[in-house]
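Please open the structure in a viewer and keep the selection tool at hand. This tour proceeds by selections, each followed by an account of what is found there.

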Amino acid sequence: MRRKKVMERGVEGIFLISAVASVILLVAIIAFVFYKGLSPFVGKDSYSFIDFITGVRWAPSEDIYGILYMITASVLGTLGAVVIGVPIGVLTAVFIAKIAPKPFVKLVKPAIELLAGIPSVLYGAFGLGVIVPGILKISPMVQGQSLLAVMIVLAIMILPTVVSLSEAAISAVPKSYEEASYGVGATKMQTIFNVILPAAKSGILSAIVLGIGRAIGETMAIMMIAGNPTAGMPKSIWSMVRPLTTNIAMEMSYASGRQSEMLFATGVILFIFIMLVNLTLLKLSRKVGKNYE
């Protein structure tokens, strides 16, 4: 008995140390990024934070750092991916969970899980080799790298997350809900859209939150298809864009001095943006779950 208690306490201690170490590392990373990112806005030779947030040009050689057009690109790209990807993902989840025959499900589910394991650079290569040339054929611009290409690639990339988690949420809805709906004369489609999906709203919203998190934080694939201009607000879906993540990835390897600090400042803005979006959607999903209960 004593040995078991000692072993249990030892295992509990290992778990506690791991948890504390994870929290400390997370706090240390956040503190370091904020320290480096906020330092260019304080002191004698400080840069205007307002100019940084509202500027539409990024020219380190001229000491000009503006990221408003990057923030706009990140927001529009993510919203477009959600508008395109979420309906397709949720409907696919409904089909897998409630409509498709089991042999077909056995083929489709592994394929969707395989999509989640594909490296992002391959999505970028697919976008550069297939989506960008396709857009070039219909675009009024001279290039196919555009906001539309970003939206489409991000929509494809969030599909595995949205489909898998939405399917799990739909499958978790009690059978009694479905049977009660059939009992009052509802059809299969009426039951799906009026009973099952509302009951699974909380889980579906959680899937959307994770999908948005991936869309906002994606870098390599977007770098290959966005165009990455150094200035200018996007005027249409055909415009080239430069999201926050690609700006950091493109220049961090060789940046120094103020340019490096401004890239960290870009990371701070990205971090705050992601946290606000995730907290808002998580609160919404909890509220929806409580209301349905």
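**A guided tour of ring pairs and a cavity**

Begin by selecting Phe264, which counts as buried because its relative accessibility is 17%, under the 20% limit for that class. The model on display is a predicted one.

Next, add Phe32 to the selection. Phe32 has a relative accessibility of 45% and therefore counts as partly exposed. The structure holds eight aromatic pairs, and one of them is formed by these two residues: the ring centres of Phe32 and Phe264 lie 5.6 Å apart. Their planes stand at 90 degrees, so the pair is edge-to-face; the cut-off for this class is an angle over 60 degrees.

Now colour the two helices that carry these rings. Phe32 belongs to helix H1, residues 2-38, while Phe264 belongs to helix H12, residues 257-292. The pair thus links distant parts of the chain, 232 residues apart.

Proceed to Phe49 and Phe52. The centres of these rings are 6.4 Å apart and the planes meet at 40 degrees, so this pair is tilted. Both residues lie in helix H2, residues 49-54, where they are three residues apart, about one turn of the helix.

Are Phe49 and Phe52 buried or exposed? Phe49 is partly exposed, with a relative accessible area of 39%. Phe52 is buried, with a relative accessible area of 0%. Add Phe41 to the selection to complete the group: Phe41, Phe49 and Phe52 form one aromatic cluster.

The last stop is an enclosed space. Rolling a probe the size of a water molecule over the atoms shows where empty space is left. The structure holds one cavity of 30 Å³ or more, and the largest cavity has a volume of about 70 Å³.

To see its walls, select Ala73, Ser74, Gly77, Thr78, Val150, Leu154, Ala215, Ile216, Glu218, Ile222, Pro243 and Thr245, which line the largest cavity. Three elements give two or more residues to this lining: helix H3 (68-99), helix H6 (147-171) and helix H9 (201-217).

Which helix gives the most to the lining of the largest cavity? Helix H3 does, with four residues.

Finally, colour the lining by residue class. Its residues divide into seven nonpolar, four polar and one charged. Glu218 is among the lining residues, and Glu counts as charged.

Terms used. Residues numbered from 1 in each chain as written. Predicted model: local features only at pLDDT ≥ 70, side-chain atom pairs only at ≥ 80, totals over all residues. Heavy atoms only, no water. 1 Å grid on protein atoms, 1.4 Å probe; cavity = no way out; pocket = protein on both sides within 12 Å on 5 of 7 lines; lining within 4 Å. Points joined across faces, edges and corners; volume = space filled by probe spheres on them. Phe/Tyr/Trp six-rings, centres within 6.5 Å; stacked < 30°, edge-to-face > 60°. Buried < 20%, exposed > 50% of the residue type's maximum accessible area, 1.4 Å probe, protein only.
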